[in-house]
Amino acid sequence: MRHSYPAYPAARGNVLLLSCMDLRLLDDIVRFMEHDNLTNRYDQFILAGAALGAVVNDHWNTAFFEHLDVACKLHNVRDVYILEHRNCGAYKVFLGDEGSFDDSHQHHENELHLHNRYAQQLAERIRSWSQTSGNPLQVQCFLMDLRGNVELLADTAAQDEGSAAV
Ligand SMILES: [Zn+2]
């Protein structure tokens with residue numbers, strides 16, 4: 001099956017990938033990273049809910065940044081990929097109705113905005129960590145669907161999220 005992937009600047013060094021633990025997407029995640037020419041060039045850190053887990057749970061946030069620090073020291077990490085995904089069970093567990101979506105167009109949009117909100121929050125924390133720790137990092141945020149297709153989560157969408165009914 002051919003997948004659709006977004007366009008963005010290629011990773012220059014190695015990558016730290018934050019993904020959800022969802023068992024349905026493990027093969028799709030490897031395929032996506034291979035498509036990005038990153039075979040054996042990424043460390044993977046897994047949290048239920050990906051960015052949501054790292055933002056709402058202080059322990060997980062600490063664990064994430066400790067691992068990012070080790071990854072930067074050991075593996076010449078230059079890019080962080082935050083890979084969110086649709087139909088994420090952890091969003092339902094952590095957020096209840098706000099994190100539950102049906103297949104309607106409106107819910108589809110709301111789901112994207114909600115993932116973008118948490119991904120951009122974490123991306124901001126990573127950028128400020130990057131400045132204070134002296135590790136120059138770029139952050140890319142993505143949303144995968146259950147077929148393995150991937151969209152870019154852009155900063156601009158985060159700016160309208162205040163008006164989205166999520
Ligand atoms: Zn998930």
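Let me start with Met21, which is partly exposed, since 15 other C-beta atoms lie within 10 Å, and which sits in the loop between E1 and H1. I should say at once that we are looking at a predicted model. Leaving aside residues up to four places away in sequence, Met21 touches Ile46 and Ala48. Its C-alpha atom is separated by 9.9 Å from that of Gly89, although those two residues are 68 apart along the chain.

For contrast, please look at Arg12, in the segment before E1. Is Arg12 buried or exposed? It counts as exposed, because it has 11 C-beta neighbours inside 10 Å. Arg12 and Asp22 are ten residues apart in sequence, and their C-alpha atoms lie 28 Å apart in space.

Let me now turn to the sheet that these segments lead into. The protein has six helices and five strands, and, read from the N terminus, its elements follow the order β-α-β-α-α-β-α-α-β-β-α. The five strands form an open sheet in the order E2-E1-E3-E4-E5, with mixed pairing. Which strands stand at the edges? They are E2, residues 42-46, and E5, residues 150-152, and because each has a single partner strand, one side of each is left without a neighbour in the sheet. From one strand to the next, the twist averages 25°.

Helix H1, residues 26-35, packs on this sheet and touches E1, E2, E3, E5 and strand E4, which covers 138-144; the direction of H1 makes about 155° with that of E1. Helix H5, residues 105-133, also packs on the sheet, where it touches E3 and E4, and its direction makes about 160° with that of E4.

I would like to spend a moment on E3, because eight of its nine residues are buried, so that this strand is largely enclosed by the rest of the structure. As a general reminder, strands of a sheet pair through backbone hydrogen bonds, either parallel or antiparallel. On one side, E3, residues 77-85, runs parallel to E1, residues 14-19, and six bridges join the two. Within that pairing, Val15 has Asp79 of E3 as its bridge partner, while Leu18 stands opposite Ile82 in E3. E3 also pairs with E4, again in the parallel sense, over seven bridges, and here Ile82 stands opposite Cys141 in E4. If you follow Ile82 in the viewer, then, you can step from Leu18 through to Cys141.

Let me widen the view to the whole chain. With 166 residues, a compact globule would have a radius of gyration near 15 Å, and the protein has 15 Å, so the value agrees with that expectation. Taken along the principal axes, its C-alpha atoms fill a box of roughly 45 × 35 × 30 Å. Buried residues make up 37% of the 166. Among contacts between residues at least 6 apart in sequence, 80% join residues at least 24 apart.

Finally, a word on confidence. The average pLDDT of the protein is 93, and 93% of the residues score at least 70. Over residues 161-166, however, the pLDDT is below 50, and beyond near neighbours in sequence this stretch has ten contacts in the model.

Technical notes: Residues numbered from 1 in each chain as written. Predicted model: local features only at pLDDT ≥ 70, side-chain atom pairs only at ≥ 80, totals over all residues. Pairing = 2+ DSSP bridges. Helix = DSSP H or I, 4+ residues; strand = E, 2+ residues; numbered from the N terminus. Axes fitted to C-alpha atoms, helices over the stretch in contact; angles between N-to-C directions. Contact = placed C-beta atoms within 7 Å. Buried ≥ 20, exposed ≤ 12 C-beta atoms within 10 Å, placed from the backbone. pLDDT = per-residue confidence, 0-100. Rg over C-alpha atoms; globule rule 2.2 N^0.38 Å.
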